[in-house]
Amino acid sequence: MTRKIELPPKKERHKLFGSVEPGLKLKPTEKEKMPDLQNTKKDFLFTIDAVGISNVKQPIIIESELEPNQQTTIATFKMTSKISYDAKGTNMSRFTEQLETYRQNGGFILSIKNLYDFTKELAERLKQKDASIEVTFPWFYERKGPSSQLTGLNHSEAKLTVHYEEGIGFSSSASLTCAVTTLCPCSKEISEYSAHNQRGYVTMNVEFTEDYHEEVDWKKALLEAAETNASAMIHPVLKRPDEKMVTETAYENPRFVEDMVRLVAADLYELSFVKAFQVECRNEESIHLHDAIASLSYRK
Ligand SMILES: Nc1nc2c(ncn2[C@@H]2O[C@H](COP(=O)(O)OP(=O)(O)OP(=O)(O)O)[C@@H](O)[C@H]2O)c(=O)[nH]1
């Protein structure tokens, strides 16, 4: 039989579990009377390259050349700035204050222009000469089955980074990690039939040229660089005629992990808004427990 419980009031319940009355409080409660440790000026030996906050979750609005053209997604923010050897600490609350001003002002619309404004304003708010922001988010896009044309949503992990330095200006870079199918050329060559294939993850880190203002969607361009060079694309919805096409396309386009990074590099080389790039591919091998990896970097 269930035991009947006579619940004490909530305050009593808290006492039962160890809560006590507030003690004597002698320290000031007004902001102006509180010591401001972080603003202490002294020789603290080293200048700090980056101090700030990371792992800040916030909804953002992103625009995309692929459907859906506008979407709300959850981003993870990292925001930092330098502090000089003679400053004890940064003013941490100002980072989230700055983020909140954008949320209050119609939502954080993620664009390079907005990030330029944001980092400059952040540096000014912090009374520092520089600021950096890194925004990581899943980007969703519609994908159709190659024969049925049935749609579903795929996503890739995207990152935009902006750095501002007073007197120098801005620099920006991006990263996209997307999944593809790779079919082993060696396996195809040596086997009487079939070939092992796996899900590969292509990560492209690109530095943008100074004159890039998102005339073309960098996310779409990088996704195309990875997917059009893979054995086959990944699809959310596949009927039998689609599956036949995807399977045969993979067999017709075998790729080693080395082939992937070189072919993707060639496409990034052709993108006029990319100044420098790094490409990595990681294949989750279906005939091993380990992954096959390759990476290369190039500055134009
Ligand atoms: N600098 C620094 N602050 C930290 C750290 N960890 C937490 N904080 C918190 O950051 C908060 C203070 O933020 P500040 O922006 O300096 O607060 P404030 O001086 O009242 O703010 P302003 O009016 O903008 O000058 C406090 O709650 C600190 O405890 C840390 O490692 N370094």
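Me: What makes the largest nonpolar core a nonpolar core, and which residues have the most contacts inside it?
Reply: A core here is a set of buried nonpolar residues joined through side-chain atoms within 4.5 Å, and in this predicted model the largest such set has 58 residues. Phe77, Met79, Phe137, Met204, Trp218 and Leu268 have the most contacts inside that core. Helix H3 (residues 112-126) gives the most to this core, namely seven residues.

Me: Why would nonpolar side chains be buried together?
Reply: That's a general tendency of soluble globular proteins.

Me: How do you know that Phe137 is in contact with Trp218?
Reply: Contact means heavy atoms within 4.5 Å, so a pair has to meet that cut-off. With neighbours within four places in sequence left aside, the list for Phe137 includes Trp218, along with Ile60, Ile62, Ile74 and Leu110. Polar residues turn up on that list too, among them Thr73, Ser156, Glu157 and Lys159.

Me: Which residues belong to another core, apart from the largest?
Reply: That other core has five residues, and Leu183, Ala232, Val246 and Ala250 are among them.

Me: What makes strand E3 and strand E9 edge strands?
Reply: Start with the order of the sheet: nine strands run E3-E1-E2-E4-E5-E6-E7-E8-E9, with mixed pairing, and the sheet is open. E3 (108-110) and E9 (291-299) each pair on one side only, and that is what an edge strand is. On average, neighbouring strands of this sheet are turned by 25° against each other, direction ignored.

Me: How do you know that strand E2 pairs with strand E4?
Reply: Pairing takes at least two bridges. Five bridges join E2 (residues 70-83) to E4 (residues 130-144), so the two strands count as a pair. They run antiparallel, and Phe77 stands opposite Val135 in E4.

Me: Which strands does helix H5 touch where it packs on the sheet?
Reply: H5 (residues 218-227) touches E1 (48-63), E4, E5 (151-165), E6 (169-183) and E7 (197-208). Its direction makes about 35° with that of E6.

Me: Why is the protein chain called more spread out than a compact globule?
Reply: The chain has seven helices and nine strands. For 300 residues the globule rule gives 19 Å, but the radius of gyration is 26 Å, well over that, so the chain is more spread out than a compact globule. Along its principal axes, the C-alpha trace spans about 85 × 75 × 40 Å.

Me: How many of the 300 residues, in percent, are buried?
Reply: Buried means under 20% relative accessible area, and 37% of the residues are buried. The chain exposes about 18,400 Å², with carbon and sulfur atoms supplying 53% of that area.

Definitions and conventions:
Residues numbered from 1 in each chain as written. Predicted model: local features only at pLDDT ≥ 70, side-chain atom pairs only at ≥ 80, totals over all residues. Heavy atoms only, no water. Helix = DSSP H or I, 4+ residues; strand = E, 2+ residues; numbered from the N terminus. Axes fitted to C-alpha atoms, helices over the stretch in contact; angles between N-to-C directions. Rg over C-alpha atoms; globule rule 2.2 N^0.38 Å. Buried < 20%, exposed > 50% of the residue type's maximum accessible area, 1.4 Å probe, protein only. Areas by Shrake-Rupley, 256 points an atom, 1.4 Å probe, with all protein chains shown as cover.
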